[in-house]
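Please read the points below with the structure open beside you, and take them one at a time.

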Amino acid sequence: MGSESCMKLPVIDFSNLKQDSSTPTWASTKAQVRAALEEYGCFEAVFDQIPPTLRQSTIDGIKQLFDLPLQTKLRNRSNKPYHGYVGQYPMVPLYESLGIEDALSPGKTDSFSNLMWPEDGNPTFSKSIESFSEQLSELDKVVRRMVVESLGLEKYMDEHMESTDYLVRVQKYDAPQSAETKLGLTSHTDKNIVTILHQNEVEGLEVLTRDGQWIAADPSHNSFIVMIGESFFAWTNGRLHAPYHRVMMTGEEARYSIGLFSIPKSGYIIKAPEELVEDEHPLLFNPFDHVEFLDFYYSEAGQRSPAALKAYCGA
Ligand SMILES: O=C(O)CCC(=O)C(=O)O
Ligand SMILES: [Fe+2]
């Protein structure tokens, strides 16, 4: 695997898109989405529906959250691995993260902020995260509708769209305080359906291409990084790519990011539609439950496996 190249991720403009799938703009955007997700599993989405003030207040709120004492942050617990507080790992000492499960259900961001700021909550934080995530979930839905349509699988549209809920995760990467580049987050693939990322002005996210080059993902003031996870890779029977990515840190400033993760609901069985299984595309994975797969992935055997989903349910 080479060091970072000067290649760029594809950029796709969603800013003038109408929610009408019969328009030429929809068709051409859909073709770009499909091509980018097949080749890179990732693209930069220009999406200006979220006002700059909301983007800023979201990042400001995240900074306040990470400034809380460790003991407070540790109250963020979950039954699912990697859905609550994560940090203090010797392998990635710069990294710390918290999660809000099912973040778009009513009251979830409020109860999270009441847990973190027990005195009187933090309504500004809660409202920013809630409206930011809600507006960003429109982009998640558009991308997924486009994928499903581009595969000619409209008959599965409702089932697919209803099969997920949203996890919001926020990350802080401490500045290494040196000219030397340090690992912020280990190279991994996401395990969910679609991930959408926003960051403060500090860069560091890198995405691995199919031919082994690291591309720096440098979103601008009105764009987000959209990425495919392994559950969508499996559902599309390998038509889309789920890329490895990592965070590399340099310099003096901490990096903050927020990810909106669409995640298959617990108990929902991910199964590639039969239309996508043919001689040229034999079935890659037997039907599986995402949450049960996560338990395997974070077990010792899962962590040792170079291809955990294949080891878990490869066909
Ligand atoms: O901080 C980022 O931009 C990436 C975070 C990430 O890859 C993850 O949480 O899975
Ligand atoms: Fe990731």
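1. Ser137 is buried, because its relative accessible area is 1%, and the cut-off for that word is under 20%. Please keep in mind throughout that this is a predicted model. Ser137 belongs to helix H5, which covers residues 123-150. When residues up to four places away in sequence are not counted, Ser137 touches Leu104, Tyr166 and Leu260.

2. Helix H1 is a good place to check a simple piece of geometry. The helix runs over residues 24-39, and at 1.5 Å a residue its 16 residues should span 22 Å, whereas its end C-alpha atoms are 23 Å apart, so the model agrees with the expectation. The expected span is 1.5 Å times one less than the number of residues. Just after H1, Gly41 takes a positive phi of about 70°.

3. Which residues of H1 are buried? They are Trp26, Thr29, Lys30, Val33, Arg34, Ala36 and Leu37, and many readers will want to look at the spacing of these numbers. An α-helix has 3.6 residues a turn, so residues three or four places apart point the same way. The buried residues of H1 pack against helix H5 and against three strands, namely E2 (11-13), E3 (42-46) and E11 (223-228).

4. The packing of H1 on H5 deserves a closer reading. The two helices meet at an angle of about 85°, and their axes are 9 Å apart. That angle makes H1 roughly perpendicular to H5, because angles of 65 to 115 degrees are given that name. From H1 the contact is made by Trp26, Thr29, Lys30, Val33, Arg34 and Leu37, while H5 contributes Val142, Val143, Arg145, Met146, Val147, Glu149 and Ser150. Sorted by class, the contact of H1 with H5 has seven nonpolar, two polar and four charged residues.

5. Which protein atoms are donors to the iron ion (ligand 2)? The donors are NE2 of His188, OD of Asp190 and NE2 of His245, and they lie 2.0 to 2.2 Å from the ion. In sequence, the spacing of the donor residues can be written H-x1-D-x54-H. Asp190 and His245 link distant parts of the chain, since they are 55 residues apart, with Asp190 in the loop between strand E7 (178-188) and strand E8 (194-199) and His245 in strand E12 (residues 245-251). Asp190 counts as buried because its relative accessibility is 6%, and His245 counts as buried because its value is 4%.

6. Two residues other than glycine also have a positive phi, and each can be inspected in its loop. Asp102 has a phi near 50° and lies in the loop between E5 and helix H4 (108-116); at 24% relative accessibility, Asp102 counts as partly exposed. Gln177, with a positive phi of about 60°, is found in the loop between strand E6 (164-173) and E7, and at 53% relative accessibility Gln177 counts as exposed.

7. Finally, is Pro93 buried or exposed? Pro93 is exposed, because its relative accessible area is 57%, and the cut-off for this word is over 50%. Pro93 sits in the loop between strand E4 (86-87) and strand E5 (95-100). Its C-alpha atom is separated by 34 Å from that of Gly238, a residue 145 places away along the chain.

Notes: Residues numbered from 1 in each chain as written. Chains lettered and ligands numbered in written order. Predicted model: local features only at pLDDT ≥ 70, side-chain atom pairs only at ≥ 80, totals over all residues. Heavy atoms only, no water. Helix = DSSP H or I, 4+ residues; strand = E, 2+ residues; numbered from the N terminus. Buried < 20%, exposed > 50% of the residue type's maximum accessible area, 1.4 Å probe, protein only. Contact = heavy atoms within 4.5 Å. Axes fitted to C-alpha atoms, helices over the stretch in contact; angles between N-to-C directions. Parallel < 35°, antiparallel > 145°, perpendicular 65-115°, else oblique. Nonpolar A, V, L, I, M, F, W, Y, C, P; charged D, E, K, R; others polar. Donors = N, O, S within 2.8 Å, 3.2 Å for Na, K, Ca; no water.
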